[in-house]
Amino acid sequence: MGRLKGKVAIITGGASGIGEKIVQRFHEENAIVIAADINEQALKQISKEQVHGKKLDVTSEEDWKRLVDEVKSEFGKIDILVNNAGISTEKTIEQIDYHEWEKLSKINGFGALLGLKYVAPEMAAANKGSIVNLSSVTALTGMGLNTYTASKGAVRAFSKAAAVEFGGSGVRVNAVFPGVIATPMTEGLEESGEALARINAMTPMQRLGQPEEVANAILFLASDEASYITGAELAIDGGYSAL
Ligand SMILES: NC(=O)c1ccc[n+]([C@@H]2O[C@H](COP(=O)([O-])OP(=O)(O)OC[C@H]3O[C@@H](n4cnc5c(N)ncnc54)[C@H](O)[C@@H]3O)[C@@H](O)[C@H]2O)c1
């Protein structure tokens with residue numbers, strides 16, 4: 001309790017899966033949490049005292065400007081941003097088209113980049129802040145999911161670039177690389193015994209990860225406990241990328 005006391009944190013995609021768990025863990029550690037998501041219905045269910053649901057389409061510059069203005073006027077500052085919102089696809093290279101590429105790149109890549117664009121300068125002005133970007137183990141390995149992999153590779157690359165650009169301003173930027181985590185995004189996989197057995201066989205720890213296991217690692221990187229860590233890459237994958 002209290003590891004994020006006094007901090008104001010924005011979590012994108014905070015209404016479901018990993019994002020919802022990050023919201024819960026940050027709340028337990030006494031942060032003021034802004035759960036920002038495109039799904040307003042789901043947001044209503046998680047909003048409570050010190051957890052504020054706010055509508056955000058991460059691909060919209062107007063939405064980001066409005067969100068940053070609202071958070072600054074309501075809470076005075078932004079200490080933490082977790083760029084977590086994302087979508088997936090299972091299409092193969094032969095099945096993809098430009099529309100597919102654009103959609104994945106726009107939400108997973110450009111959406112997180114806009115978070116950096118609008119939040120990092122606010123943090124830099126205060127000379128402190130922590131940003132955690134959700135990439136994926138697919139950006140480290142040949143796990144497949146091609147357009148998804150490419151979008152998460154972009155997140156990996158610009159996380160390092162942002163760490164360099166903002167390092168002198170006291171803003172830390174780190175990236176995490178979850179393996180297969182049991183959330184609504186991977187429900188189909190969990191329902192297929194064969195696919196699940198295949199993933200488990202390729203994972204040294206022989207099981208899927210749980211959203212709270214990702215949330216706990218992000219909590220550390222977001223907190224002052226990680227005060228000298230920036231530009232880092234942390235796999236949270238049960239050893240998948242170590243094989
Ligand atoms: N689940 C996994 O196995 C896994 C593995 C590696 C990385 N990730 C990444 O972790 C993040 C969270 O994934 P999850 O499994 O919790 O997914 P999820 O589908 O449970 O949740 C994703 C959330 O993002 C929101 N969202 C989608 N598009 C948005 C937009 N344009 N603007 C704002 N919000 C939007 C959705 O409404 C939803 O609440 C994603 O970036 C995902 O790529 C997940």
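Which of the 28 residues around the ligand come nearest? Here are some notes on that and a few other places worth a look; please keep in mind that this is a predicted model.

1. Let us start with the ligand. Its surroundings comprise 28 residues, and those that come nearest are Ser16, Asp37, Asn84, Tyr148 and Thr183. Sorted by class, this shell holds 14 nonpolar, 11 polar and 3 charged residues.

2. Next, some polar atom pairs at the ligand. An oxygen atom of the ligand lies 2.8 Å from an N or O atom in the side chain of Lys152. Backbone atoms take part as well: a polar one of Leu56 is 3.3 Å from a ligand nitrogen atom, and a polar one of Gly179 is 3.4 Å from a ligand oxygen atom. The ligand would expose 830 Å² if taken alone, and the protein buries 91% of that area.

3. Where does the ligand sit in the protein? The space that it takes is the largest pocket. Two elements give two or more residues to the shell around the ligand, namely α1 (17-28) and α5 (146-166).

4. Helix α5 also contains Ala161. Is this residue buried, exposed or partly exposed? Its relative accessible area is 46%, so Ala161 is partly exposed, falling between the 20% and 50% limits. If you would like a long span to display, try Ala161 and Glu187: they are 26 residues apart along the chain, and their C-alpha atoms are separated by 33 Å.

5. Two backbone angles deserve your attention. Most residues other than glycine have a negative phi. Asn127, which is not a glycine, has a positive phi of about 60°. You will find Asn127 in the loop that links α4 (98-126) with β5 (129-134).

6. The second angle belongs to Gln206, another residue other than glycine, with a positive phi near 55°. Gln206 is placed in the loop between α7 (193-201) and α8 (211-222). Its relative accessibility is 58%, and because exposed means over 50%, Gln206 counts as exposed.

7. Thr59 is a good residue to inspect up close. The loop between β3 (51-55) and α3 (61-75) is where Thr59 lies. With a relative accessibility of 16%, Thr59 counts as buried, because the limit for that class is under 20%. What does the side chain of Thr59 make a polar contact with? The partner is the side chain of Asp57, at 2.8 Å.

8. Now for the start of the chain. Met1 belongs to the segment before β1 (8-12), and with 79% relative accessibility Met1 counts as exposed. Met1 and Ala31 are 30 residues apart along the chain, while their C-alpha atoms are separated by 9.9 Å.

9. Ala31 itself is in the loop between α1 and β2 (32-37). Its relative accessible area is 3%, so Ala31 is buried. Leu4 pairs with Ala31 across 27 residues of sequence, and the C-alpha to C-alpha distance between the two is 5.0 Å.

How values were computed
Residues numbered from 1 in each chain as written. Predicted model: local features only at pLDDT ≥ 70, side-chain atom pairs only at ≥ 80, totals over all residues. Heavy atoms only, no water. Helix = DSSP H or I, 4+ residues; strand = E, 2+ residues; numbered from the N terminus. Buried < 20%, exposed > 50% of the residue type's maximum accessible area, 1.4 Å probe, protein only. Near = heavy atom within 4 Å. Polar contact = N/O pair within 3.5 Å; in protein donor to acceptor, adjacent residues only side chain to side chain. Areas by Shrake-Rupley, 256 points an atom, 1.4 Å probe, with all protein chains shown as cover. 1 Å grid on protein atoms, 1.4 Å probe; cavity = no way out; pocket = protein on both sides within 12 Å on 5 of 7 lines; lining within 4 Å. Sits in = over half its atoms within 2 Å of the grid points. Nonpolar A, V, L, I, M, F, W, Y, C, P; charged D, E, K, R; others polar.
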